[in-house]
Amino acid sequence: MKLLNPAVPPQTIYADRLKGLVLDWAGTTVDYGSLAPARTLQKLFSGARITLTESETRQHMGLPKKEHIRGILSLPRVRNAWQELRGRFPSEADVDEMYRQFIPLQFSCLAEYSALIPGVVEAMQSFRRRGLKIGSTTGYTRAMLDLLVEKSAKEGYSPDCSLTPEEVGAGRPHPFMMYESAVRLQVYPLAAIAKIGDTPVDILEGLNAGAWSIGVAGTGNMIGLSLEDFHALSEAARESRLADARAELQNAGAHYVVDTLAEVHSVLDDIDVRLKTARESH
Ligand SMILES: [Mg+2]
């Protein structure tokens, strides 16, 4: 026996407009270039006598920090360098020890790289005018994020809620921080929420939740330069770096990619139209 009710639309269209956004922190709303975690990881590994390249440092960005360290230690080049120095490959105990050392190092440079990305305050004001609730997620720990939340509030950015991996049992690419954001924001269904972030795992977090996923290519991890350093590049170099960054986020599955959060409005208009059209066309 199988009863299909043709009057009931597919589950995917139970949203007629966007009601909430969930924003990433480093590289999306604060810390242009996502420099704080990158510089800290490089310092951590140089303490272990391994010099990380920019790409080795950044390819696992967005994961919870301990998993990020484990990811770096699992790279063949890093494993071999570790083995050459110590006569054995890195173990889980080494991940624990590196993470233990990482925490105070990260705190010592977090405040230095916590400034809001230009345009974020104005973008927030217009999100509010659209009636959107604003959540936020991160790969930082709660203690680290508290520092950013407090500093950002003073600069004019205060999301309605913020979540860290430890509060929901797992970080990106799992969707649980998104689910909890929906609960805290009192917004549903997940198709009425868009996740915005600067790394491939941000994109996956949104997709895995059944939300819209929007990548930010210019201000975060995929370029990895401060505003000053980015502007110091030639126009051709800037365009080429941007094209690579956009492509990587698209390849991760982003529904849309923009260069900065300030440019996201026309994407939100677009999503609203697509939600409305899907609903009406059923
Ligand atoms: Mg980020």
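Helices here are DSSP runs of H or I with at least four residues, strands are runs of E with at least two, and both are numbered from the N terminus. The model is predicted, with local features needing pLDDT of at least 70 and side-chain atom pairs counting only at pLDDT 80 or more, while totals for chains, interfaces and linings use all residues. Residues are numbered from 1 along each chain as its sequence is written.

**View 1. R49, a non-glycine residue with positive phi.** R49 sits in the loop that runs between α1 and α2 (54-58). Phi of R49 is about 65°, a positive value, although R49 is not a glycine. The residue counts as exposed because it has 11 C-beta neighbours inside 10 Å. (For burial, C-beta atoms are placed from the backbone: 20 or more others within 10 Å make a residue buried, 12 or fewer make it exposed, and anything in between is partly exposed.)

**View 2. The two domains and where they touch.** The domain assignment, which is automatic or comes from a database, splits the protein chain into domain 1 (15-34 + 115-281) and domain 2 (37-112). Their C-alpha centres are 25 Å apart. Across the boundary, 17 residues of domain 1 are in contact with 14 residues of domain 2, contact being C-beta atoms, placed from the backbone, within 7 Å. On the domain 1 side, α7 (142-155) and α10 (200-209) are the elements that supply two or more residues, and α7 gives the most, with three residues. By type, the domain 1 side comes out as six nonpolar, eight polar and three charged residues. (Ala, Val, Leu, Ile, Met, Phe, Trp, Tyr, Cys and Pro go down as nonpolar, Asp, Glu, Lys and Arg as charged, and the others, Gly among them, as polar.)

**View 3. The largest nonpolar core.** A nonpolar core is a set of buried Ala, Val, Leu, Ile, Met, Phe, Trp, Tyr and Cys residues linked through C-beta atoms within 7 Å. The largest one holds 72 residues, and L21, I193, A194, I196, A211 and L249 have the most contacts inside it. Helix α1 (residues 35-47) provides the largest share of this core, six residues. The core takes at least three residues from each of domain 1 (15-34 + 115-281) and domain 2 (37-112). Zoom in on A194 and, setting aside residues up to four places away in sequence, you find it touching L18, L21, A211, W212, I214 and I271.

**View 4. The two sides of helix α13.** Running over residues 265-281, α13 has 17 residues and reaches 24 Å from its first C-alpha to its last, close to the 24 Å expected at 1.5 Å a residue; the expected span is 1.5 Å times one less than the number of residues. Which residues of α13 are buried? They are L268, I271 and L275. These residues cover an arc of only 60° around the axis, so they sit on the same side of α13. (The arc is taken over the directions from the helix axis to the C-beta atoms.) An α-helix has 3.6 residues a turn, so residues three or four places apart point the same way. On the other side of α13, the exposed residues are S266, D269, V273, R274, T277, E280 and S281. The cover over the buried residues of α13 includes β3 (193-197) and β4.

**View 5. S213 in strand β4.** S213 belongs to β4 (residues 212-216). With 23 other C-beta atoms within 10 Å, S213 is buried. Leaving out residues up to four places away in sequence, S213 touches K195, I203, G206, L207, G253, A254 and H255.

**View 6. The end of helix α12 and what follows.** The 17 residues of α12 (residues 235-251) should span 24 Å at 1.5 Å a residue, and the end C-alpha atoms are indeed 24 Å apart. A252 lies in the loop between α12 and β5 (256-258). A252 counts as buried because it has 20 C-beta neighbours inside 10 Å. Neighbours within four places in sequence aside, A252 is in contact with P200, I203 and L204. The C-alpha atoms of A252 and L207 are 9.8 Å apart, with their positions 45 residues apart along the chain. G253, which follows α12, has a positive phi near 110°.

**View 7. Cis peptide bonds and Q186.** The R172 to P173 peptide bond is cis, with omega near 5°, and P173 is in the loop between α8 (165-168) and α9 (176-185). Y188 and P189 are also joined by a cis peptide bond, with omega about -5°. P189 lies in the loop between α9 and β3. Q186 is found in the loop between α9 and β3. Phi of Q186 is near 60°, positive in a residue other than glycine. Is Q186 buried or exposed? Q186 is exposed, because it has 10 other C-beta atoms within 10 Å.

Conventions
Two residues are in contact if their C-beta atoms, placed from the backbone, lie within 7 Å.
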